[in-house]
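Reader: I have not looked at this one before. Can you walk me through it?
Author: Yes, with the structure in view.

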Amino acid sequence: MPSQRLLDELMRYLEFTPEDAALMLAMGPALRPQFPQIVDDFYAAIDRTPGASAVFTGGAPQIARQKALLSNWLEGLVGGVYDAAYVERRARIGRTHVRIALDQRYMFAAMSVVRAGLHNALESVVGWAGARRRAGHQAIDKLCDMELAIMLETYREGYIARVKESERLATIGQVAASIGHELRNPLAVMQTSAHMLSRRMPHDERNAKHLRRVEEQIALCNTIISDLLELARDRPPERRPTDLAAVVREAALSVPRPSELALLLDIADSLPPVAVDPGQFRQLVVNLVLNAIQASEASVGDIELRLASEERDLVLTVEDRGVGLSTEVMARLFEPLFTTRSTGTGLGLALCHRIVEKHNGTITASNRPKGGATFAVRLPRGVELQS
């Protein structure tokens, strides 16, 4: 929905008037001294909620940045100007929440913390009493409700986008399945012919080199077709007891990489057995490691893979030392057929996203402070086998 139209509807529905805007502006000097306490209370509530804190994969530096952003957000509340540009700034924050898969219930809870903090701050202000204080409390409630509504609109946008994406995937799936099956037979003939030629032709390194190239490209075509068909099938996971550490280790080490590019594994020794589809999870790890290899520059640094058990989640992270992810790329990262590489298919990360969703987990991407990107997969501990 356009920002101005959304703003008009919300102001009309909530009866947020110019007088309310003037009150918020007037309360600014009185409320600002309490902003640091509100920020601390906000993140203390997040720390107490593993599901909410799980989205902050960057540790203390990321939390520090988020605290600064929240302080700026609070400043916006008492700015006194609530126009279409204000709505769009708030909507960008909501879209970030959608992108990092922050559950809506945590957003509601977080707004309750902010709302309570603002009300408590106003109660402690000398000089705001009687009707003026009551009007101030009402203005706070109206504006917090408007903020919530803007955030919910971004979640609605995200839902509509997912529905459209599902429809697009269904169309892609129908076409991919048809083309894939038709191409498999001629590719098999080509592969057999190349193999027969390699056996019957006199040994010549130049001929052998070209035949190897033909076989490699046939194998690449088969991989692309397999990925397209896997994306199209949307096969539910066949969960069974799995030694996840063994699957992750084998999958990561199976991915070819340049000899000068090291793969550092940090896999916890005593992980509980989990109920996952081992084939799908292996594909997830292979795709993430391959993506990291392709993003890395050998002269910059190594690839790090970690698998650990946290309080309520099993966490798999893959870090590279490449150039990182731009805002534009981050927004489309898991879209099928979206790629930034001239030779990419745009299927690998889309498949990762699909696999993680099927296992009731989340996958997020972020930039490392010192360069490169981090992909974090979190599986709820509910997937563990019950003893």
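**Cysteines and rings**

Author: Cysteine 144 counts as buried, with a relative accessibility of 1% (buried means under 20% relative accessible area, exposed over 50%, partly exposed in between, with a 1.4 Å probe and protein chains only). This is a predicted model, where local features need pLDDT of at least 70, side-chain atom pairs count only at pLDDT 80 or more, and totals for chains, interfaces and linings use all residues. Residues are numbered from 1 along each chain as its sequence is written, and side-chain values use heavy atoms, leaving out hydrogens and water.

Reader: What about cysteine 221, what is its relative accessible area?
Author: Cysteine 221 has 34%, so it is partly exposed.

Reader: How many disulfides does a search of the whole structure find?
Author: Zero, a disulfide being a pair of cysteine sulfur atoms within 2.5 Å.

Reader: Switching to rings, how many aromatic pairs are there?
Author: Four in the whole structure. Rings of Phe, Tyr and Trp (its six-membered ring) pair if their centres lie within 6.5 Å; planes under 30 degrees apart are stacked, over 60 edge-to-face and the rest tilted. One of the pairs is phenylalanine 16 with tyrosine 82: the centres are 5.4 Å apart and the planes at 85 degrees, so it is edge-to-face.

Reader: Are those two buried or exposed?
Author: Phenylalanine 16 and tyrosine 82 are both buried. Tyrosine 82 also pairs edge-to-face with tyrosine 86, because their ring centres are 5.1 Å apart and their planes at 85 degrees.

Reader: Which residues form the aromatic cluster?
Author: Phe16, Tyr82 and Tyr86 form one cluster.
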